[in-house]
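Hi,

Here is the structure I promised to pass on. Have a look at it first, and then read my notes below.

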Amino acid sequence: MKPNRYLDYPTMSRETPWSADAIASGRNDASSLKFAIVVARFNSGITEKLLEGAREALTKAGAAGIEVFYVPGAFELPLAAKWLAHGGYSAIIALGAVIRGETPHFDFVAGEAARGLQQVALECNIPVAFGVLTTDTMEQAEARAGGRHGNKGYDAAMTAIEMARFGK
Ligand code: INI
C-alpha cells in the first residue's frame, strides 16, 4: 500500500488511523508509553464518551499504562494536568465539554482551560492533548463524542501518542 500520512491524522478518526500500513510500520505503537487521562465531570454524558474514545485509541496502540483521574469541570483541568505532569507519564490527555448555552461563562471556562493546558505543556515540557469540546449546543457536542463527527477523545489520544513519540 502506498504510504499516506493523512490516513493517520487524528482528526480523521472516522477514517481510522489504524490502517494496515500504520500497524505494519508501528508508527502508532505506544507499548513503551504511559498516559494520564484527566476527565471533567461537568457534562459527564459527553465526557464519559470522550473517555471511551481515548481508551479505545490507547488500547489499540498497546499503551503500557493508562490512568484516569476526575476533576469537577474543565476549568480545573489545567491544575490537575500540572500535578500529573510530574507523575512519570509520557503524555496527558485532558477531556472536557464546555457548552455555550446562553451564558458568557462559556468563554471564561473554555478560554482558561485551553490557555492553562497549553501553559502546562510548555512549562512542564510534556505533551498535553486538548480533548475539550467547545460547542454552542449539546447536539454539536454529541456529534463529536462518538457521533457523526467522530470522537474527539479518540483524536486527543492519538495526538498524545504522536507527540509522546515525537519527544522521545
Ligand atoms: N464546566 C465544564 O466543564 N463545562 C461547562 O460547560 C461549564 N459551564 O457551562 O459552566 C463548566 N463550568 C464549571 C467550571 O468548569 C468549574 O468547575 C467551576 O467554575 C468551578 O471552578
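**The nonpolar core**

Please keep in mind that this is a predicted model. Its largest nonpolar core holds 53 residues, and I93 and A94 are the ones with the most contacts inside it. At least two core residues come from each of strand 1 (34-40), helix 2 (44-60), helix 3 (77-84), strand 3 (91-99), helix 4 (105-124), strand 4 (128-135) and helix 6 (152-166). Strand 3 gives the most, with eight residues.

Which residues does I93 touch, leaving aside its neighbours within four places in sequence? They are F35, I37, A54, A129, G131, A156, A157 and A160.

**Strand 1 and its partners**

Strand 1 is largely enclosed by the rest of the structure, because six of its seven residues are buried. Strand 1 pairs in the parallel sense with strand 2 (residues 65-71) over seven bridges, and I37 stands opposite V68 of strand 2. Together with helix 2, these strands 1 and 2 form a right-handed β-α-β unit. Strand 1 also pairs with strand 3, again in the parallel sense, over five bridges; here V38 has A94 as its bridge partner.

**The chain as a whole**

The protein chain has six helices and six strands, which follow one another from the N terminus as α-β-α-β-α-β-α-β-α-β-β-α. Of its 168 residues, 48% are buried. Among contacts between residues at least 6 apart in sequence, 74% join residues at least 24 apart.

Happy to talk it through whenever suits you.

Best wishes

Definitions and conventions:
Residues are numbered from 1 along each chain as its sequence is written. This is a predicted model: local features need pLDDT of at least 70, side-chain atom pairs count only at pLDDT 80 or more; totals for chains, interfaces and linings use all residues. A nonpolar core is a set of buried Ala, Val, Leu, Ile, Met, Phe, Trp, Tyr and Cys residues joined through C-beta atoms within 7 Å. A residue is buried if 20 or more other C-beta atoms lie within 10 Å of its own, exposed if 12 or fewer, and partly exposed in between; C-beta atoms are placed from the backbone. Helices (H or I, at least four residues) and strands (E, at least two) are DSSP runs, numbered from the N terminus. Two residues are in contact if their C-beta atoms, placed from the backbone, lie within 7 Å. Two strands pair if DSSP finds at least two bridges between them. A crossover is right-handed if, with the strands pointing away from the viewer, the path from the first strand over the helix to the second runs clockwise.
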